[in-house]
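Hello,

Here is the structure I promised to pass on to you. Have a look at it first, and then read on for what turned up in it.

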Amino acid sequence: MPTYPYPRYMTGENRRDSSILVGGKKTSCVTRRLLIDSRDAQASHYRPFQFTIRLDPDMSIQRFRNIQCVELKLASIPKVAGEQYVVLDITELRDSNLDASNQTSHEAFAVVYFDNSNLSAGAIKPMDKFFAQKTYFNPPIASLDRLTVTIRKPDGSIVSPSETNGVEDVSFLLQVTMKSI
């Protein structure tokens, strides 16, 4: 019977010691949805298309802790005149896996295409046909208590109400996956 050499990383010792046989802590994941609406921003932290939302712990039964993944599920952003898409920049959720030919998109959380480029400026049609726009965090984010949101055009400038016919309400739905220990 032929013998095969051990791979380089495996010695000839008994590999069934306690460090191999004893399992680690079992973890499970919890998924929650988070609706963000620009009308909920504190007045002192609101400018059209640039706002901060505080995630009050009393707002939710469970705080957002040990966050492994955040996925964009739905977005409602008024159509910007002359643009096919906008950049959804959330400082706390920037995606290091999103590469782009422009720096604005390259450093953002997600890119949101308007469902119909023939929409008039300011028209709102919720956008739900996304490819998987997820941001993974390894190690997980310890906690999330606010979101700093900016809606930008591809050139990096912040969208102006004059480009959306005065409509400035923005909302989006996120799916947050947390590690529970």
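Let me start with one residue: tyrosine 85 has a relative accessible area of 16%, so it counts as buried, the cut-off being under 20%. Please keep in mind that this is a predicted model.

Tyrosine 85 has an aromatic partner. The structure holds two aromatic pairs, and in one of them the rings of tyrosine 85 and tyrosine 113 have their centres 5.1 Å apart. Their planes meet at 45°, so this pair is described as tilted. The two residues come from distant parts of the chain, with tyrosine 85 in strand S5, tyrosine 113 in strand S6, and their positions 28 residues apart. Buried or partly exposed: which is tyrosine 113? With a relative accessible area of 47%, tyrosine 113 is partly exposed.

Now the overall layout. The protein chain has two helices and nine strands. Read from the N terminus, the elements follow the order α-β-β-β-β-β-α-β-β-β-β. The chain has 181 residues, and 36% of them are buried. Its accessible surface is about 11400 Å², and carbon and sulfur atoms hold 48% of that. Among contacts with a separation of 6 or more, 79% are between residues 24 or more positions apart.

Two open sheets are worth tracing on your screen.

The five-stranded sheet

Strands S5 and S6, which carry the tyrosine pair, belong to an open sheet of five strands in the order S2-S3-S8-S5-S6, with antiparallel pairing. S2 and S6 are its edge strands, each pairing on one side only. Between S2 and S3 there are two bridges, and these strands run antiparallel. One bridge sets tyrosine 46 against phenylalanine 51 in S3. Further into the sheet, S3 and S8 are joined by five bridges, again in the antiparallel sense; here arginine 54 has arginine 146 in S8 as its bridge partner.

S2 and S3 also form a hairpin, with two residues between them. Phenylalanine 49 sits in this loop, between strand S2 (46-47) and strand S3 (50-54). Its phi is positive, about 65°, although the residue is not a glycine. Phenylalanine 49 has 1% relative accessibility and therefore counts as buried.

The four-stranded sheet

The other open sheet has the strand order S1-S9-S4-S7, and its pairing is antiparallel too. Its edges are strand S1 (28-37) and strand S7 (134-143), each of which pairs on one side only. From one strand to the next, the twist averages 30°. In the middle, strand S4 (residues 65-76) pairs with strand S9 (residues 171-180) over eight bridges, in the antiparallel sense. If you would like a landmark there, isoleucine 67 stands opposite methionine 178 in S9.

Edge strand S7 has a feature of its own: proline 139 lies in it, and the peptide bond joining asparagine 138 and proline 139 is cis, with omega about 5°.

Another positive phi turns up in the loop between strand S8 (146-152) and S9, where asparagine 165 is found. Phi of asparagine 165 is near 60°, and this residue, too, is other than glycine. Is asparagine 165 buried or exposed? At 62% relative accessibility, it counts as exposed.

The core

In soluble globular proteins, nonpolar side chains tend to be buried together. In this model the largest nonpolar core has 35 residues, and the members that touch the most others are Leu88 and Phe172. Which elements give two or more residues to this core? They are S1, S3, S4, strand S5 (85-90), strand S6 (110-113), S7, S8 and S9.

Leucine 88 makes a good starting point for exploring this part. Setting aside neighbours within four places in sequence, leucine 88 is in contact with Leu72, Ala108, Phe109, Ala110, Val112, Val149, Thr150, Ile151 and Phe172. Phe172 is thus on the contact list of leucine 88, as well as being one of the two residues that touch the most other core members.

For a first tour, I would go from the tyrosine pair to the hairpin, then to the cis peptide bond, and end at the core.

Best wishes

Notes
Residues are numbered from 1 along each chain as its sequence is written. This is a predicted model: local features need pLDDT of at least 70, side-chain atom pairs count only at pLDDT 80 or more; totals for chains, interfaces and linings use all residues. Side-chain values use heavy atoms; hydrogens and water are left out. Two strands pair if DSSP finds at least two bridges between them. Axes are lines fitted to C-alpha atoms, for helices over the stretch in contact, and angles run from 0 to 180 degrees between N-to-C directions. Buried means under 20% relative accessible area, exposed over 50%, partly exposed in between (1.4 Å probe, protein chains only). A nonpolar core is a set of buried Ala, Val, Leu, Ile, Met, Phe, Trp, Tyr and Cys residues joined through side-chain atoms within 4.5 Å. Contact means heavy atoms within 4.5 Å. Rings of Phe, Tyr and Trp (its six-membered ring) pair if their centres lie within 6.5 Å; planes under 30 degrees apart count as stacked, over 60 as edge-to-face and the rest as tilted. Accessible areas come from the Shrake-Rupley method with a 1.4 Å probe; for residues, only the protein chains shown count as cover.
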